[in-house]
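Visitor: I'd like to walk through the side-chain interactions here. Can we start with the rings and move on from there?
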Amino acid sequence: MMLLVRDIRLPLSAGEDEAVARALKTLGLRRADLAQAGIARLSVDARRGKPSLVYTVALTLAEGGAQRSFEHCAPCVSVVEPAAFCVRNGTRRLLHAPVVCGLGPAGLFAALLLARQGFRPVVLERGPAVEERAAAVERFLQTGVLNEAANIQFGEGGAGTFSDGKLTTRIHDPLCAFVTKTLLAHGAPPEIAYRQKPHIGTDVLRGVITSLRSEIEALGGQVRFCTPLTGLRLQSGRLCAVRTPEGEIPCEALVLAPGHSARDTFAMLHEAGFALQSKPFSVGFRAEHLQSRIEEALYHGAAGHPALPRGEYQLSTHVGARCVYTFCMCPGGSVVAAASETGRVVTNGMSLHARGGKNANAAVVVSVSEADFGGDARRAIEFQRALEEKAYAAGGGGYAAPAENLQSFLSGAGTLRITSVQPTYPRGVAACGLGALLPEELAACLRTGLAAFGQKLPGYTAPEAILTGLETRTSSPVRLARGADGQSTEVSGVWPCGEGAGYAGGIMSAAADGLRAAEHIARRYCPAGCAAEGSRGTSFKKTLGRAAAAPSDGGICK
């Protein structure tokens with residue numbers, strides 16, 4: 001149990017010691033009264049033109065149980081007791097190890113929970129391990145030779161591995177705290193625990209992911225790289241086995257976390273009897289600005305102060321029934337070539353932990369809905385593919401991307417003049433009228449939205465700003481129906497989860513959704529080979545960061 005003292009506003013020159021002192025003054029306490037003190041949250045308030053730091057301080061008192069007496073001493077004070085998340089295994093005997101399809105955030109955390117519960121899961125990942133994957137991505141960026149199984153979309157860690165490692169989320173699932181603590185235990189930077197907009201960075205995230213996988217393997221789980229899920233064997237609507245290029249694996253419990261770009265997997269699932277529901281997603285471009293110009297607009301005269309984080313923005317406006325908004329903003333980052341299919345161009349954004357690049361980039365996208373495709377997810381996927389093919393052709397081949405100045409897009413001129421903003425897309429850019437690549441209505445909405453953003457954030461429509469296209473993979477266009485127990489409503493024994501199944505949007509929400517899927521399995525079953533009764537549960541609170549000394553069965557790319 002701890003005390004939280006919120007809304008402590010201090011100048012940029014202040015630090016953690018001053019914040020703790022202000023919290024103690026609010027409560028009328030002395031340092032000697034504390035067992036522990038720290039920063040629970042740190043944000044920046046730049047609304048009035050003079051940025052200040054806003055702290056939430058966490059205090060644990062030396063006298064146990066005394067926290068409750070301070071609960072109502074001030075509006076900014078509250079008492080928090082971290083919720084213990086304890087999973088107790090069920091009593092139905094599972095004949096075979098559960099299988100997890102996909103090693104993105106959802107699959108990774110599902111496998112971690114199952115491993116900690118003693119289930120020794122088998123993880124199928126269509127791509128390679130991080131090291132080999134990074135080499136394949138680098139080859140593509142340098143040569144334009146695409147490996148459809150090892151790229152920015154596919155491989156260990158999922159699409160999030162080559163991103164900013166953002167941990168912001170709109171969900172309020174208590175499991176998010178567990179995800180954060182687990183990431184910290186596996187090497188994530190300490191500030192993700194308290195920053196307003198935490199991020200890990202692509203460079204650091206790779207090590208965190210491999211550490212998590214090592215714990216899964218140490219607990220007896222297997223990770224089989226370069227092993228896609230190619231089919232399911234069903235009997236009377238119930239899963240019996242999963243199919244891979246190396247043969248069948250008997251299975252009664254499958255965590256299905258394929259990621260938002262696994263289009264061949266979606267086709268296989270449709271043939272197997274799953275109804276693919278269409279869901280909303282968005283399409284658009286990557287906007288690049290000078291990072292310094294963004295920070296001048298946000299922080300005014302304080303821009304460049306070492307106490308301030310790199311400037312970030314989030315903008316949105318409604319244009320009729322559609323929403324135009326910015327997404328996945330990467331301060332000091334770069335636009336990346338995120339194609340996963342031959343002859344199609346896809347853009348995304350990423351940043352390293354330091355966010356030290358000259359440019360800021362963010363997706364600028366417009367929403368499309370299931371109504372645009374008559375509720376048919378296959379039509380939605382083909383819409384994405386058609387846009388990506390247009391972008392490839394407009395770039396002139398070789399996975400160069402079409403681009404134009406933001407002001408040019410607003411006027412429909414179709415020109416590209418490169419000045420202070422140097423495009424960071426690694427395969428090169430070609431001048432193109434981006435509006436011609438999109439349906440007319442969507443292009444018009446984006447023009448209206450961008451003009452509105454120029455009114456909200458000074459300098460946003462500056463002459464040097466550049467748009468690079470196309471951004472088509474903002475989220476999955478597919479949702480797989482599931483019931484209250486998280487299980488597929490069409491095939492028993494399958495738990496769809498994560499972004500690819502249509503239930504998450506980012507690292508945190510996908511990881512939490514994967515944990516929920518694994519929790520459903522663990523509460524129902526006991527591991528193969530265990531006694532059906534008296535199965536012991538595991539408290540996440542007690543096992544955080546624990547790596548057992550169980551032998552690893554390994555997992556190699558054959």
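Visitor: Which residue lies over the face of Phe409?
Guide: Arg447 does. The distance to the ring centre is 4.5 Å. Bear in mind that this is a predicted model.

Visitor: And what lies over the face of Tyr503?
Guide: Arg479, at 5.6 Å from the ring centre.

Visitor: Now ring on ring. How many aromatic pairs are there in the whole structure?
Guide: The search finds eight. One of them is Phe140 with Tyr399, an edge-to-face pair. Their centres are 5.1 Å apart, with 75° between the planes.

Visitor: Where do Phe140 and Tyr399 sit in the chain?
Guide: In distant parts of it, 259 residues apart. Phe140 is in helix H3, residues 130–143. Tyr399 is in the loop between helix H8 (377–395) and strand S21 (401–405).

Visitor: Is Phe140 buried or exposed, and what about Tyr399?
Guide: Phe140 and Tyr399 are both buried.

Visitor: Which residues form an aromatic cluster with Phe140?
Guide: Tyr392 and Tyr399. The three make one cluster.

Visitor: What about Phe373 and Phe383, how are their rings arranged?
Guide: Their planes are at 55°, so that pair counts as tilted. The ring centres lie 5.2 Å apart. Phe373 is in the loop between strand S20 (359–368) and H8, while Phe383 is in helix H8 itself. The pair therefore ties together parts ten residues apart in sequence. Both Phe373 and Phe383 are buried.

Visitor: Switching to cysteines. How many disulfides does the count give?
Guide: Zero.

Visitor: Why is Cys176 not bonded to Cys497?
Guide: Because the sulfurs are too far apart for a bond, at 14 Å. Cys497 has the closest cysteine sulfur to that of Cys176. Cys176 counts as buried, at 10% relative accessibility.

Visitor: What is the nearest cysteine sulfur to Cys445?
Guide: That of Cys323, 10 Å away. Cys445 is in no disulfide either. Its relative accessibility is 6%, so Cys445 counts as buried.

Visitor: Next, His260. Where does it lie?
Guide: His260 is in the loop between strand S13 (254–256) and helix H6 (263–271). With 11% relative accessibility, His260 counts as buried.

Visitor: Which side chain makes a polar contact with that of His260?
Guide: That of Ser261, at 2.9 Å. The His260 side chain also reaches the backbone oxygen of Arg473, at 3.3 Å.

Visitor: Which residues does His260 touch, leaving out those up to four places away in sequence?
Guide: Gln153, Ala159, Phe266, Arg473, Ser475, Ser476, Pro477, Glu499 and Gly500.

Visitor: On to charges. How many salt bridges are counted?
Guide: The count comes to 29. Among them is Arg47 with Asp45, at 2.9 Å from N to O.

Visitor: Are Arg47 and Asp45 buried or exposed?
Guide: Arg47 counts as exposed, at 63% relative accessibility. Asp45 is buried, with a relative accessible area of 8%.

Visitor: What joins Glu389 and Arg344?
Guide: A salt bridge between their side chains, 2.6 Å from N to O. This pair links distant parts of the chain, 45 residues apart. Glu389 is in helix H8. Arg344 is in the loop between strand S18 (334–337) and strand S19 (347–350).

Visitor: How accessible are Glu389 and Arg344?
Guide: Glu389 is partly exposed, with a relative accessible area of 38%. Arg344 counts as buried, at 16% relative accessibility.

Visitor: Which residues are linked with Glu389 and Arg344 in a network of salt bridges?
Guide: Arg263, Glu341, Glu382, Arg385, Glu388 and Arg473. Arg473 came up earlier: its backbone oxygen is reached by the side chain of His260.

Visitor: Last one. How are Glu519 and Arg523 placed in helix H11?
Guide: They are four residues apart in H11 (residues 507–524), so about one helical turn separates them. Their side chains meet in a salt bridge, 2.8 Å from N to O. Glu519 is buried, with a relative accessible area of 11%. Arg523 counts as partly exposed, at 40% relative accessibility.

How values were computed:
Residues are numbered from 1 along each chain as its sequence is written. This is a predicted model: local features need pLDDT of at least 70, side-chain atom pairs count only at pLDDT 80 or more; totals for chains, interfaces and linings use all residues. Side-chain values use heavy atoms; hydrogens and water are left out. Rings of Phe, Tyr and Trp (its six-membered ring) pair if their centres lie within 6.5 Å; planes under 30 degrees apart count as stacked, over 60 as edge-to-face and the rest as tilted. Helices (H or I, at least four residues) and strands (E, at least two) are DSSP runs, numbered from the N terminus. Buried means under 20% relative accessible area, exposed over 50%, partly exposed in between (1.4 Å probe, protein chains only). A charge sits over a ring if NZ of Lys or CZ of Arg is within 6 Å of the ring centre and within 35 degrees of the ring normal. A disulfide is a pair of cysteine sulfur atoms within 2.5 Å. A polar contact is a pair of N or O atoms within 3.5 Å; within protein, one must be able to donate a hydrogen and the other to accept it, and residues adjacent in sequence count only if both atoms are side-chain atoms. Contact means heavy atoms within 4.5 Å. A salt bridge is a side-chain nitrogen of Lys or Arg within 4 Å of a carboxyl oxygen of Asp or Glu.
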